[in-house]
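Thanks for coming. I have one structure to go through today, and I will keep it short. Here it is.

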Amino acid sequence: MESTVSNIFLANRSKNIRSSAIREILKITVKDSNFLSFAGGLPNPNLLNKELLNQSMEETILFSSEVALQYGDSSGYTDLKKIILEKFVLDEGVKLDSIMITHGSQQGLDILGKLLMDENTNVLVEDPVYLGALQAFSPYGPNLISLPMEFDGPNVSELKKILSEKKIHCFYTNPNYQNPSTITWSLEKRRAVANLLDEFGVILIEDEAYKYLDFSGIIYPSIFSYRKEKDLTFVLGSFSKIISPGFRIGWVIVPEVYKDSFNRIKQGIDLNTNQFSQIILTKLLSLMDINEHFSKIQTHYRNQKNQLVELLNHYLPEVKFQDPQGGMFLWVEYPDVRENELMERIMEKKVVMVPGNEFRLKESDSAFFRMNFSFLQGSDMEEGVKRIHSVYRDIIT
Ligand SMILES: Cc1ncc(COP(=O)(O)O)c(C=O)c1O
């Protein structure tokens, strides 16, 4: 790094922070509306019932403004925690005060980095891994280690080998429709990994951002539910993909023994999660039929996914991907091209997707791209695929 004035004063931890290509790409697409974006993991805001949202906002202002306009409990607004426990936490034995509300699950990841990771702490992550987790953890200087993945979860014998050779402190995973690979763990692997983590005394950070986005409404049991060592497991949830990222509300189920430390870190960051947002969301969740909403978004995203799959099969039959039954992405391999070249050339045609190497600890020679299907609608999606097709054809012929 150059020694500019800002670098001289920059703390070492700030030099470790990874940039996010996705945020950079989002900036470009926001500035220029002609861009067709397969990049962000953006839910469709039109799927939310705006009348109920309006009613929740009105009721908050009319009847709850004294609470909504104040500081709140740093662990979160109790009525919201009650709804989370009742409707979104399916694991047995979780208590109300184990739930900590955060500014998105992204803040939960940052707090867990601060709570659990020192310089060179061995942290195991999936390959590929959610980029936001790398951004959250890297300032704390952990030694990140990649775990090879298979179509139904981790390679269990490789996991056992790593755990036997190195003292692994924690394992971060996103086991449902993983961002970006779309891998969803089988029940056998959930059980096998839970047993191994118990045997080797490893902390699990289980990120369930896409838990409710299975297109048929299947809800997979958490790895947490298979663990005996419940005190070594943190589970993160989020309203971003099922309600809206605009609220910036997520939660973490925190083991009893870490609750106080978690809370103190949260206080140091922001005292409490946006109280106004928590109360509007609480009212909204109590007015809406969440199961009806789930089936609405699941059906919509299934149709969107099918459309992108059909377009890729039609225009780009060479590309390879697993056809996911949930989530918001396809993880697509483009044979015979270099990732950077394809990325640069499609951007000239005003299309974006996220290059696979952004999600890796070590660069891969294969060209993978994460393609989001929840955002672009109808003819825009087709136009985007056509533009990628013309660039790809140009490169490989
Ligand atoms: C796997 C995963 N975890 C966490 C997040 C952060 O979500 P939130 O909006 O709740 O901060 C995302 C966002 O895309 C995600 O994909």
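I will begin with a lysine. Outside its neighbours within four places in sequence, Lys283 is in contact with Ser56, Glu59, Thr60 and Ser64. Before going further, note that this is a predicted model.

Lys283 is found in helix 12, which covers residues 275-287. Lys283 is buried, and it has no salt bridge. Why is there no salt bridge for Lys283? The nearest side chain of opposite charge is that of Glu59, 4.5 Å away, and a salt bridge requires a side-chain nitrogen of Lys or Arg within 4 Å of a carboxyl oxygen of Asp or Glu, so the pair does not count. Glu59 is nevertheless among the residues that Lys283 contacts.

Next, the ligand. How many residues surround it? There are 13, and the closest are Asp207, Tyr210, Ser238, Ser240 and Arg248. By element, helix 7, residues 104-116, gives the most to the shell around the ligand, with 3 residues.

Now the polar distances. An N or O atom in the side chain of Ser240 is 2.6 Å from an oxygen atom of the ligand. For Arg248, again with a side-chain N or O atom, the distance to a ligand oxygen is 2.8 Å. With Ser105 the atom belongs to the backbone: a backbone N or O lies 2.8 Å from an oxygen of the ligand. As for area, the ligand taken alone exposes 400 Å², and the protein buries 93% of that.

One of the closest residues to the ligand, Tyr210, also leads to the next stop, Asn179. Asn179 sits in the loop between strand 6 (170-173) and helix 10 (187-200). Is Asn179 buried or exposed? Its relative accessible area is 4%, so Asn179 counts as buried. Leaving out residues up to four places away in sequence, Asn179 touches Val129, Tyr130, Asn174, Tyr210, Phe329, Phe359 and Arg370.

The last residue is Val156, in helix 9, residues 156-165. Its relative accessible area is 24%. Buried means under 20% and exposed means over 50%, so Val156 is classed as partly exposed. What does Val156 touch, not counting residues up to four places away in sequence? The answer is Lys189, Ala192 and Leu196. Val156 and Lys189 are 33 residues apart in sequence, while their C-alpha atoms are 7.4 Å apart in space.

To recap the two buried residues: Lys283 is buried without a salt bridge, and Asn179 is buried in a loop. That is what I have for today.

How values were computed: Residues are numbered from 1 along each chain as its sequence is written. This is a predicted model: local features need pLDDT of at least 70, side-chain atom pairs count only at pLDDT 80 or more; totals for chains, interfaces and linings use all residues. Side-chain values use heavy atoms; hydrogens and water are left out. Helices (H or I, at least four residues) and strands (E, at least two) are DSSP runs, numbered from the N terminus. Buried means under 20% relative accessible area, exposed over 50%, partly exposed in between (1.4 Å probe, protein chains only). Lys and Arg count as positive and Asp and Glu as negative; His and the chain ends are not counted. Contact means heavy atoms within 4.5 Å. A residue is near a molecule or strand if one of its heavy atoms lies within 4 Å of it. A polar contact is a pair of N or O atoms within 3.5 Å; within protein, one must be able to donate a hydrogen and the other to accept it, and residues adjacent in sequence count only if both atoms are side-chain atoms. Accessible areas come from the Shrake-Rupley method with a 1.4 Å probe; for residues, only the protein chains shown count as cover.
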